[in-house]
Amino acid sequence: MSFTETEEQQALRAAVAQLGAKYGYAYSSAKARADQSQDELWAEAGQLGYLGVNLPEEYGGGGQGMYELAIVEEELSAAGCGLLMMVVSPAICGTVITRFGTDEQKGRWLPGLADGSSIMAFGITEPDAGSNSHKITTTARRDGTDWLLSGQKVFISGVDVADNVLIVCRTEDARTGTLKPVLLVVPTDSPGFEKTKIDMDLVAPDNQYQLFMEDVRLPADALVGEEDAAIAQLFAGLNPERIMASAYAVGMGCYALDKGAGYAKERTVWGGKPIGTHQGIAHPLAVAHIELELAKLMMQKAATLYDAGLDIEAGEAANMAKYAAGEAGVKAVDTAVHTHGGNGLASEYGLGTLIAASRLMRIAPVSREMILNFVAQHSLGLPKSY
Ligand SMILES: Cc1cc2nc3c(=O)[nH]c(=O)nc-3n(C[C@H](O)[C@H](O)[C@H](O)COP(=O)(O)OP(=O)(O)OC[C@H]3O[C@@H](n4cnc5c(N)ncnc54)[C@H](O)[C@@H]3O)c2cc1C
């Protein structure tokens, strides 16, 4: 076991941090307030090979793993300009296609995902199923060799910038009972595919959509993986999602903590001493730092296990990392805002928008309660209550 990163990983971290510094929070929040996505940053990160660092080299990727992709997300987020769609496009969709797609499908989709010229959104959440994915009703039925897809999805990020959405649905003959997921790549310009933007009280550059699909006709090879896919096929993509969400939350927490500690060193209100002299200010910042470091360690363990091909072990670690990072991120943002007093809510100080944004990492992609349920049942062997 090594607690030091390789020279290549350190170089990647430094290079991405440099790119993050070029854009930063000011860029990201200006884009969010103008209701625009971070196109320039996305394009540059793609050209530099950062978006596809985990994807196979033969399809234009970097041939590295989730550890490296998490470095990219963490560093951009720590600069105040994390890319939410990285959690989805290269991490979930890129991984699922790499692991279960045919050579033809890999050739069709992976090069665009790797250089960022094409974005694939991911849709599993449904209005009436919520956290209980076993209840999803979006259904694909055969029509000759084609598929006809009908159903609804909600809170799907980035559909406006995506060419395709990887939709999790079930086949017609499996409408009830245990979920046997089927994964279909659906072009966003398909007839019968409609999206409606959801008004969110988040100041963030990515939009969320409700999707309505009515007999969307798809060719047979829209299906990625097996028709009777094991749930493992879905989790091959969801574990990277949890690792990347952890990286996003840890990075955001580090961004906020950096600002909080910086302010505590400068701001003086009593006797010429900076407020950071007072332990009532210093200790919460120190706690936030410790908890971010712990969350990062678990995220790195999860990524290392995943890259070693240990899916089951990575699943447990990715859940724990996501829980820890979500909590640590929220606490770091809250502490940094509080350290700033009134300025914590002034736009100039670049923190207020993170109050809602950091909470997202407690809710999505899997809520803290569902992680606690998972750990209670799988790690501790406790009975299921629902
Ligand atoms: C900004 C944003 C972006 C998103 N992007 C995507 C995306 O790109 N693709 C996608 O598919 N989804 C996306 N989601 C959806 C997200 O994954 C869900 O919101 C999340 O999984 C929770 O589901 P829900 O909102 O239906 O909550 P619900 O399932 O209705 O749960 C409500 C509350 O009850 C709790 N709860 C539910 N069941 C239990 C239980 N058994 N025990 C204890 N507590 C429980 C939950 O933890 C939660 O706190 C996004 C959501 C947001 C807010």
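These notes cover the ligand site, helix α8 and the strand pairing in a predicted model.

1. The ligand shell holds 21 residues, of which Gly130, Ser131, Ser157, Ser367 and Glu369 come nearest to the ligand. Two or more residues of the shell are supplied by each of β1 (120-123), β3 (146-157), α9 (354-363) and α10 (368-379).

2. By residue class, the shell around the ligand has 12 nonpolar, 8 polar and 1 charged.

3. Where does the ligand lie with respect to domain 2 and domain 3? Domain 2 (121-224) and domain 3 (231-379) both contribute residues to the shell, so the ligand lies between them.

4. Helix α8 covers residues 311-339, 29 residues in total. At 1.5 Å a residue the helix should span 42 Å, and the C-alpha atoms at its ends are 40 Å apart, which agrees. Of the 29 residues of α8, 22 are buried, so the helix is largely enclosed by the rest of the structure. Just after α8 comes Gly341, with a positive phi of about 55°.

5. Strand β2 (residues 139-143) runs antiparallel to β3, and 5 bridges join them. One bridge pair is Arg141 with Leu148 in β3. The two strands, β2 and β3, make a hairpin with 2 residues between them, and Gly144 in that turn has a positive phi of about 65°.

6. Strand β3 also pairs with β7 (residues 208-218), in the antiparallel sense and over 8 bridges. Here Leu149 is placed opposite Val216 of β7. Strand β3 thus appears twice in these notes: β3 pairs with β7, and β3 is among the elements giving two or more residues to the ligand shell.

Terms used:
Residues numbered from 1 in each chain as written. Predicted model: local features only at pLDDT ≥ 70, side-chain atom pairs only at ≥ 80, totals over all residues. Near = placed C-beta within 6 Å. Helix = DSSP H or I, 4+ residues; strand = E, 2+ residues; numbered from the N terminus. Nonpolar A, V, L, I, M, F, W, Y, C, P; charged D, E, K, R; others polar. Domains from an automatic or database assignment. Expected span 1.5 Å × (residues − 1). Buried ≥ 20, exposed ≤ 12 C-beta atoms within 10 Å, placed from the backbone. Pairing = 2+ DSSP bridges.
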